[in-house]
Amino acid sequence: MKIVLLDDEPILLREGENAVRAAVPDAEIRSFSLGADLLSAIETEGLKPDVVFTDIEMPGISGLELAVRVKSLCPDTRIVFVTGYSHYAVEAFRLRAHGYVMNPLTPERVREELDALPEPPQTPPDRLQVRCFGRFEVFFRGEPVLFSRKQSKELFAFLVNNVGAACAAEEIAAALWDDEEDLTAAKGRIRLLLSDLRATLRAIGMEKVLIRERRQLAVRRELLDCDYYRLLDNDPEAINAFRGEYMTQYSWAEQTAGTLYFRFMNQ
């Protein structure tokens, strides 16, 4: 089990380390004094904590904000708030925290919290994990899917954005090449990208995600574990994870980003 502790107070951080080590002797423990350092480790080192014990009142990124950002990067990570202030409890539960414990952290309290944690949801092995919040990324069985062409990935992103609705070549061309006037040439490019996309998905046994009928393309929504789709279904954790950023590398996604912002952020 990978357990992360976060506290800007060195004494409390050391006490927390000792408590976790006593409660879970075989755990892999990482400690941070700043939320930004933890986020950096997740993004650059590939750190995927099973559990994060975090203080709430910290300089820079607060524990509440950190919880949202960690969940957006690592949806299966369980968050336990550790604080000396009981008035944060309501906000913590609004964020769907998995635990809330008062300082000082002791081995008994650590063990109680870990025993009470729910098991993380498991993505079925025959589904792609698609992340739309922030930059668009695709994963299969925990590993990133590598596209040989950037625009093959963009074509897949556009199909995901359409939530399973069929897309004609004219729609795809208008999004990917807004200055393209030669539709015949655009259709040729789409055929090339589709062939490349199919090869990428075929290599991981997931070509069935794509649907091509009557010269139109779509994705099978039921084969995608997608934060955007969970947001549309009003999933609480997806709502908390959405911070207004959506497929940020694609200009055509700005319209969807604006719609989601006013629906979920401007309340």
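These legends walk through a few close-ups of a predicted model.

**View 1. Strand 3 and its side chains.** Strand 3 covers residues 51-54. Its side chains split between two directions: Val51 and Phe53 point one way, while Val52 and Thr54 point the other way. Whichever way they point, all of these residues are buried.

**View 2. Strand 1 meets strand 3.** Here we look at strand 1, made of residues 2-6, next to strand 3. The two run parallel and are joined by four bridges. To find one spot on this pairing, look for Leu6, whose bridge partner in strand 3 is Thr54.

**View 3. Strand 3 meets strand 4.** Strand 3 also pairs with strand 4, which spans residues 78-83. Again the strands run parallel, with four bridges between them. Val52 is a handy landmark, since its bridge partner in strand 4 is Ile79.

**View 4. From strand to helix to strand.** Add helix 3, residues 63-73, to the picture and you get a β-α-β unit. Strand 3, helix 3 and strand 4 make up this unit, and it is right-handed.

**View 5. Ala241 and its neighbours.** Ala241 sits in helix 10, which takes in residues 236-241. Ala241 counts as buried because its relative accessibility is 8%, and the cut-off for buried is under 20%. Leaving aside residues up to four places away in sequence, Ala241 touches Val68, Ser72 and Phe133.

**View 6. Ala241 and Arg263.** This pair is 22 residues apart in sequence. In space, Ala241 and Arg263 are 14 Å apart, taken from C-alpha to C-alpha.

Conventions. Residues numbered from 1 in each chain as written. Predicted model: local features only at pLDDT ≥ 70, side-chain atom pairs only at ≥ 80, totals over all residues. Heavy atoms only, no water. Buried < 20%, exposed > 50% of the residue type's maximum accessible area, 1.4 Å probe, protein only. Pairing = 2+ DSSP bridges. Right-handed = clockwise from strand over helix to strand, strands pointing away. Contact = heavy atoms within 4.5 Å.
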